[in-house]
Amino acid sequence: MDVISVIRTKRDRGRLSDEQIDWVIDAYTRGTVADEQMSALAMAILLNGMDRAEIARWTAAMIDSGERMDFSALARPTADKHSTGGVGDKITLPLAPLVAACGAAVPQLSGRGLGHTGGTLDKLESIPGWRASLSNEEMLAVLGDVGAVICAAGDGLAPADKKLYALRDVTGTVEAIPLIASSIMSKKIAEGTGSLVLDVKVGSGAFMKTLADARELASTMVGLGTDHGVRTVALLTDMSVPLGLTAGNALEVRESVEVLAGGGPADVIELTLALAREMLDAAGLPDADPAKALADGSAMDVWRRMIRAQGGDPGAELPVAREQHVLTAASSGVLSSLDAYAVGVAAWRLGAGRARKEDAVQAGAGVELHAKPGDPVVAGQPLLTLHTDTPEKFPYAAEALADAFAISAADAAASARAAIVL
Ligand code: URA
């Protein structure tokens with residue numbers, strides 16, 4: 001087998017055989033296929049696609065590139081969720097302890113920010129002392145003791161994806177349904193969860209911009225999970241507007257804690273409860289009541305234990321950016337749109353995300369929203385506050401936001417946005 005013939009097959013719109021797929025994933029993981037060759041193949045896949053059988057084989061080869069975890073010794077059923085990525089998407093933070101408080105075990109392997117989208121690990125690292133990297137034994141111990149753990153995937157889990165994902169990030173090959181589906185599902189299947197709820201984001205702030213693409217991605221992933229014995233369901237949810245009122249690491253942790261304390265923005269609560277119900281149902285706990293666990297403080301108790309178990313101080317002050325800049329409404333009326341992608345890019349430019357893989361993120365950086373579409377606004381009132389430690393970045397963030405919002409004279413009810421679960 002040689003890599004050039006594999007690249008040519010896909011470049012010329014052919015089907016990759018099982019042998020070609022197994023060989024190229026293994027050779028890339030071992031380093032005998034070079035990054036430039038794999039990036040040519042990834043681009044050919046992005047342009048020419050893969051059929052379902054090719055995606056299934058590609059996913060299986062990525063799973064086989066590393067180890068598989070086993071949670072069968074746990075007393076509780078396992079349930080995990082994965083979001084395809086969005087702006088202000090802090091849902092994992094309240095969701096994992098909430099579902100654990102209702103009786104499931106939640107092994108949440110999470111990622112870092114990618115482009116304009118935030119990453120759960122970057123957010124949690126703004127809590128003083130909190131540690132994202134756990135050994136498999138530590139992860140199992142936290143899961144057994146607390147019921148929920150949020151951590152980075154170990155190096156042994158789907159190493160082919162780890163390499164390929166970093167390569168796709170810098171070669172313009174992220175937005176390919178076969179590559180996204182196999183990347184997410186190889187990690188989730190290797191992780192060994194019994195059930196999985198996928199939150200497939202749709203809209204300007206998501207990787208899938210149209211409902212048709214999001215449906216295709218969702219059904220591909222549900223098929224892969226089901227074929228591997230994981231009870232898998234998917235929700236399609238809106239990502240045309242940021243979730244909640246914050247985008248940025250510590251800002252989002254603060255908002256998540258508000259939700260766990262019984263407050264917080266309505267859309268974050270709505271999506272957290274919708275996903276919790278799906279996870280509990282998939283885990284065989286349909287009678288559990290997540291709204292009660294949020295209201296009675298039991299989800300907050302699990303959150304505190306989970307943060308402490310990973311070295312964090314749940315009571316510590318969260319970092320605040322050194323500088324703030326407020327953008328105000330130019331006219332009175334109703335906020336009729338607020339573009340998620342633009343807010344994500346602004347937060348990223350302010351320092352909440354990375355320009356290069358090795359960059360550090362700023363814990364306090366990000367964007368705070370003072371109004372959401374459908375809200376009445378008055379000329380001169382604050383619309384957005386930008387936070388950063390590097391104020392020279394304000395003009396770049398403001399530039400990203402130049403066309404991000406619109407104010408109309410229309411009546412508020414008419415422009416209020418649709419439900420977030422599509
Ligand atoms: N998240 C992943 O883990 N992989 C992708 O390809 C996209 C989002």
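1. Two strands are said to pair if DSSP finds at least two bridges between them, and strands (E, at least two residues) and helices (H or I, at least four) are DSSP runs numbered from the N terminus. The model is a predicted one, in which local features need pLDDT of at least 70 and side-chain atom pairs count only at pLDDT 80 or more, while totals for chains, interfaces and linings use all residues. Residue numbers start from 1 along each chain as its sequence is written.

2. The sheet is open and has three strands, in the order E1-E4-E5, with parallel pairing. E1 and E5 are its edge strands, each of them pairing on one side only. Strand E1, residues 79-83, is joined to E4 by five bridges in the parallel sense, and Ala79 has Ser195 as its bridge partner in E4. On the other pairing, eight bridges link E4 with the parallel strand E5, residues 231-238. Within that pairing, Asp199 stands opposite Leu235, and Leu198 has Ala234 as its bridge partner.

3. Helices also pack on this sheet: H10 touches E4 and E5, whereas helix H12, residues 266-282, touches E1, E4 and E5. For this and the following points, two residues are in contact if their C-beta atoms, placed from the backbone, lie within 7 Å.

4. Is strand E4 enclosed or open? All eight of its residues, 195-202, are buried, so the strand is largely enclosed by the rest of the structure. A residue counts as buried if 20 or more other C-beta atoms lie within 10 Å of its own, as exposed if 12 or fewer do, and as partly exposed in between. Both faces of E4 are covered, with Ser195, Val197, Asp199 and Lys201 buried on one side and Leu196, Leu198, Val200 and Val202 buried on the other. A reader should note that Asp199 and Lys201 are among these buried residues.

5. Helix H4, which spans residues 52-64, deserves a similar look. Of its 13 residues 10 are buried, so H4 too is largely enclosed by the rest of the structure. The buried residues include Glu54 and Arg57, as well as Trp58, Met62 and Ile63. Their cover includes helices H2 (18-30), H8 (159-169) and H9 (177-191), together with H10.

6. The largest nonpolar core, meaning a set of buried Ala, Val, Leu, Ile, Met, Phe, Trp, Tyr and Cys residues joined through C-beta atoms within 7 Å, has 140 residues. Those with the most contacts inside this core are Val99, Ala100, Ala104, Met221, Met279, Val343 and Ala346. Helix H15, residues 340-352, gives the most to the core, with 10 residues. When neighbours within four places in sequence are left aside, Met279 is in contact with Ala79, Lys81, Val99, Ala104 and Val197.

7. How exposed is Arg254? This residue, placed in helix H11 (residues 249-260), is partly exposed, with 17 other C-beta atoms within 10 Å. Arg254 and Lys123 lie 131 residues apart in sequence, yet their C-alpha atoms are 9.9 Å apart in space.

Note on methods: Expected span 1.5 Å × (residues − 1). Axes fitted to C-alpha atoms, helices over the stretch in contact; angles between N-to-C directions.
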